[in-house]
Amino acid sequence: QQQQQRRRRPTVIANRGSIVPTRLRASPPEVGSTSSEPTASGGAPTSTTAATTVFPVLRRISGHDWVGDCRYVDAALRPVADLRLTGGIRYDLDTVNSACTMSSYLEFPNGQSRRVEMAGFQTANSPVTRLEAVEEGPIYMTVSELYPDTVLVNEVETMSGKVVMTTSLSVVNGGEELVMVSHEVGSDGMLSATIDGHQIWRLKKAKKEDRDTEGDKEGVTKDNEMYRGTTGR
């Protein structure tokens, strides 16, 4: 039966028309629900989020659109004051099947935007979740959670296996805000890793007008390809 589900064609879910494999949405979780869900070890359902629960941190922020802006810092740790980036991120979970979908967008200074859709499963007997691009792309993500408030993300180039971005996402202010710090990883041409830049995001739950506006954005130009990361690649 599981093999049959994997062969099914993708379907459109109610998250702004995002295309996500049907098998990832086999049992959509209720937004904000942490009850009657199995623990990562397969034990009895729990009524509270705990370190042993599937997606112990992501479930605190899932089902919501988080939007905000970015302070960009260059490789020499100098803030780039005239570079204004805005964007958002959203996680949706299916805790029964240990499945996760992530969608994000980045608005560039010229008003255009880029969207990213990733989906995958938590690795069996491991705290790591691997997310692949819903539409074919050069990057996959590995996600790990540190209960109760931190998510770590590596963005990996599929062909080379090199980490091109590493991110720490922290839940702050009682779950009302997210602080996300991303470091762009480059190379000096001699197999040594370098940091090309830093993105410091502060995100809040989107208001209705933010969601309506974000849904209308699309398109990207080559000039925007210099920006990397979960909200930019």
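This is a tour of a predicted model, going from the barrel to single strands and then to side-chain contacts.

**The barrel**

Start with the strands β3 to β12. Ten strands close into a barrel, in the order β3-β4-β5-β6-β7-β8-β9-β10-β11-β12, with antiparallel pairing. From one strand to the next, the twist averages 25°.

**Strand β5 and its neighbours**

Select residues 99–107, which make up strand β5. Eight of the nine residues in β5 are buried, so the strand is mostly covered.

Add residues 85–94, strand β4: nine bridges join β4 to β5, and the two run antiparallel. To find the register, pick T86, whose bridge partner in β5 is E107. Then move to the turn. The hairpin of β4 and β5 has four residues between the strands, and S98 there takes a positive phi near 55°.

On the other side of the tour's route, select residues 113–122, strand β6, which pairs with β5 in the antiparallel sense over nine bridges. Here T101 stands opposite A119 in β6. β5 and β6 also form a hairpin, this one with five residues between them. Within its turn, select G111, which has a positive phi of about 95°.

**Strands β9 and β10**

Next, show residues 150–157 (β9) together with residues 163–172 (β10). Seven bridges join these antiparallel strands. V153 is a convenient residue to label, with T167 as its bridge partner in β10.

**Q199 in β12**

Select Q199, which lies in strand β12, residues 193–205. Its relative accessible area is 2%, and Q199 counts as buried because the cut-off is under 20%. Which side chains does the side chain of Q199 contact? One polar contact is with the side chain of E184, at 3.0 Å. Another is with the side chain of W201, at 3.1 Å.

**Salt bridges**

A search of the whole structure finds seven salt bridges. The stops below cover some of them.

Select R84 and D69, whose side chains meet in a salt bridge with an N to O distance of 3.9 Å. The pair links distant parts of the chain, 15 residues apart: R84 is in the loop between β3 (66–74) and β4, while D69 is in strand β3. R84 is exposed, with a relative accessible area of 56%, and D69 is partly exposed at 32%.

Move to R78 and D74. Their side chains form a salt bridge of 2.9 Å, N to O. R78 counts as exposed at 53% relative accessibility, whereas D74 counts as buried at 16%.

Then select D65, R90 and D92, which are linked in a network of salt bridges.

**R130 and its two partners**

For the last selection, take R130 with E132 and Y140. R130 forms a salt bridge with E132, and the closest N and O atoms are 2.6 Å apart. What does the charged end of R130 sit over? It sits over the ring of Y140, 3.6 Å from the ring centre. R130 is partly exposed, with a relative accessible area of 35%, and E132 is also partly exposed, at 35% relative accessibility.

With the ring of Y140 on screen, a final check concerns contacts between rings. How many aromatic pairs does a search of the whole structure find? The search finds zero.

Technical notes
Residues numbered from 1 in each chain as written. Predicted model: local features only at pLDDT ≥ 70, side-chain atom pairs only at ≥ 80, totals over all residues. Heavy atoms only, no water. Pairing = 2+ DSSP bridges. Axes fitted to C-alpha atoms, helices over the stretch in contact; angles between N-to-C directions. Buried < 20%, exposed > 50% of the residue type's maximum accessible area, 1.4 Å probe, protein only. Phe/Tyr/Trp six-rings, centres within 6.5 Å; stacked < 30°, edge-to-face > 60°. Lys NZ or Arg CZ within 6 Å of the ring centre and 35° of its normal. Polar contact = N/O pair within 3.5 Å; in protein donor to acceptor, adjacent residues only side chain to side chain. Salt bridge = Lys/Arg side-chain N within 4 Å of Asp/Glu carboxyl O.
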